[in-house]
Amino acid sequence: MSTVLDLERLYDDHAQALFACLLNFTRNEADTRDLLQELFLKLARRPELLEGLRDERGFLLRLAHNLAVDLVRRRGTRERASDRLAEERVALFAESSDPDEQALRLVLTEALGKLAPEQRAVVHLKLWEGMTFEAIAGALGLSPNTAASRYRYGIDKLRERLRPLYEELK
Amino acid sequence: MPPDDFERLLKRQPMREVPAEWRKEILAVCAPPASRPVSWWHELLWPCPQAWAGMAAIWVISFALQLGTGGPPVSPPQQRALSQPQPVMGFAERRQLLAQLLGSAEAAPAPAIEAPKKSAPRPQSSRRESCAMA
């Protein structure tokens, strides 16, 4: 049974990755906070979920993704439309003192926001979590081929949107 | 397939860090109830806050009723006196009290204690026996 100490260890080991994934998916800091709390509360109440796990991070990312999808479904179309403005202002990346880097991060944030949520999730897990397509497939409940094709579509759209800035930075 | 330059450029962009204050807040919510810090008033009222709330409600209602009747506040000794049953007073004592209350110059003379009237002898079992013996 998970003790408080185990939860602390879990938080210290995985909260950063879960935060980044949830923030990229929801594009809303308040929702990310709620989902992160809901996830750890679920683990505290059902410690048996973690028993015998080989890939703790993969499991937690899957749990986080499922909670995020549930939240989006509960919200409905009307609320999603009204939250778009707030989503565009979300800060996904750390601030940079270099103006070119900062400009890239802002444009990248906006470009990621224009991807479909499922493409965005795959791109995030591939680029910033370094997961294989098999692991991504397990985390998101997809086949590896679907994960790979969603990544290709997503990265191509990002490349197209960031091309001017990317060419300038090269 | 190894990542190209564009993908490597994107990977290098660091994600924002999870706010530090979230850790304490989230773990506090997830902590078991026994380990959560409890304030002294919470300990005093728990485990039956409903009983305390009920008693408070009774006090409020009785206070409101007392205000509503408009009666003068009664001091506790008077309250005790009123609440105690008054002893049964004899006729003479009541006349004397009335005279005192009315402020008579002379207290009404207490009536002489009347001698009990002789009543007709009641049949007694000893009389029957004596008659029978006679």
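**Close-up views**

**View 1. A salt bridge within helix α5 of chain A joins A:E101 and A:R105.** At 10% relative accessibility, A:R105 counts as buried (under 20% relative accessible area; exposed is over 50%, partly exposed in between; 1.4 Å probe, protein chains only). This is a predicted model: local features need pLDDT of at least 70, side-chain atom pairs count only at pLDDT 80 or more, and totals for chains, interfaces and linings use all residues. Residues are numbered from 1 along each chain as its sequence is written, chains are lettered from A and ligands numbered from 1 in the order in which they are written, and side-chain values use heavy atoms, without hydrogens and water. The partner of A:R105, A:E101, is partly exposed, with a relative accessible area of 26%. The N to O distance in this salt bridge is 3.5 Å (rule: a side-chain nitrogen of Lys or Arg within 4 Å of a carboxyl oxygen of Asp or Glu). Both residues lie in helix α5 (residues 99-114) of chain A (helices are DSSP runs of H or I, at least four residues, numbered from the N terminus). They sit four residues apart, about one turn of the helix.

**View 2. A:R9, A:D13 and A:E56 belong to one network of salt bridges that share partners.** The side chains of A:R9 and A:E56 meet at 2.8 Å, N to O. This pair links distant parts of the chain. A:R9 is in helix α1 of chain A, and A:E56 is in helix α3 (residues 56-82) of chain A, 47 residues apart. A:R9 is partly exposed, at 37% relative accessible area. A:E56 is also partly exposed, at 22%. Over all chains, the count comes to 13 salt bridges.

**View 3. A:R46 and A:E48 pair in another salt bridge.** Their closest N and O atoms are 3.2 Å apart. A:R46 is partly exposed, with a relative accessible area of 40%. A:E48 counts as partly exposed too, at 40% relative accessibility.

**View 4. The rings of A:Y11 and A:F40 form a tilted pair.** Over all chains, the structure holds four aromatic pairs (ring centres of Phe, Tyr or Trp, for Trp its six-membered ring, within 6.5 Å; planes under 30 degrees apart are stacked, over 60 edge-to-face, the rest tilted). In this pair the ring centres are 5.2 Å apart and the planes stand at 45°, so the pair counts as tilted. A:Y11 belongs to helix α1 (residues 4-26) of chain A and A:F40 to helix α2 (residues 29-45) of chain A, so the pair ties together parts that are 29 residues apart in sequence. A:Y11 is buried, at 4% relative accessible area. A:F40 is buried as well, at 0%.

**View 5. A:D31 is a buried residue of helix α2 of chain A.** Its relative accessible area is 8%. Neighbours within four places in sequence are set aside here. Beyond them, A:D31 is in contact with A:T26, A:L71 and A:R75 (heavy atoms within 4.5 Å).

**View 6. Charged side chains lie over ring faces, within chain A and between the chains.** A:K126 lies over the face of A:F133, at 4.7 Å from the ring centre (rule: NZ of Lys or CZ of Arg within 6 Å of the ring centre and within 35 degrees of the ring normal). A:R33 lies over the face of B:W22, at 6.0 Å from the ring centre.

**View 7. Chain B meets chain A across an interface that takes 23 residues from chain B and 37 residues from chain A.** The two chains bury about 3,100 Å² between them (accessible area, 1.4 Å probe, lost on being put together and summed over both). Of this area, 67% is on carbon and sulfur atoms. In chain B, B:F6, B:M15 and B:R16 lose the most area to chain A. Together they make up 26% of what that side buries.

**View 8. B:R16 and A:E29 meet in a salt bridge across the interface.** The N to O distance is 2.9 Å. Between chain B and chain A the count is five salt bridges. Helices α1 (5-12) and α2 (21-30) of chain B each supply at least two residues of the side that touches chain A. Helix α2 of chain B gives the most to that side, with seven residues.

**View 9. A:A116 lies in the loop between α5 and α6 (117-127) of chain A.** At 37% relative accessibility, A:A116 counts as partly exposed. The C-alpha atoms of A:A116 and A:R150 are separated by 9.6 Å. Along the chain, these residues are 34 residues apart.
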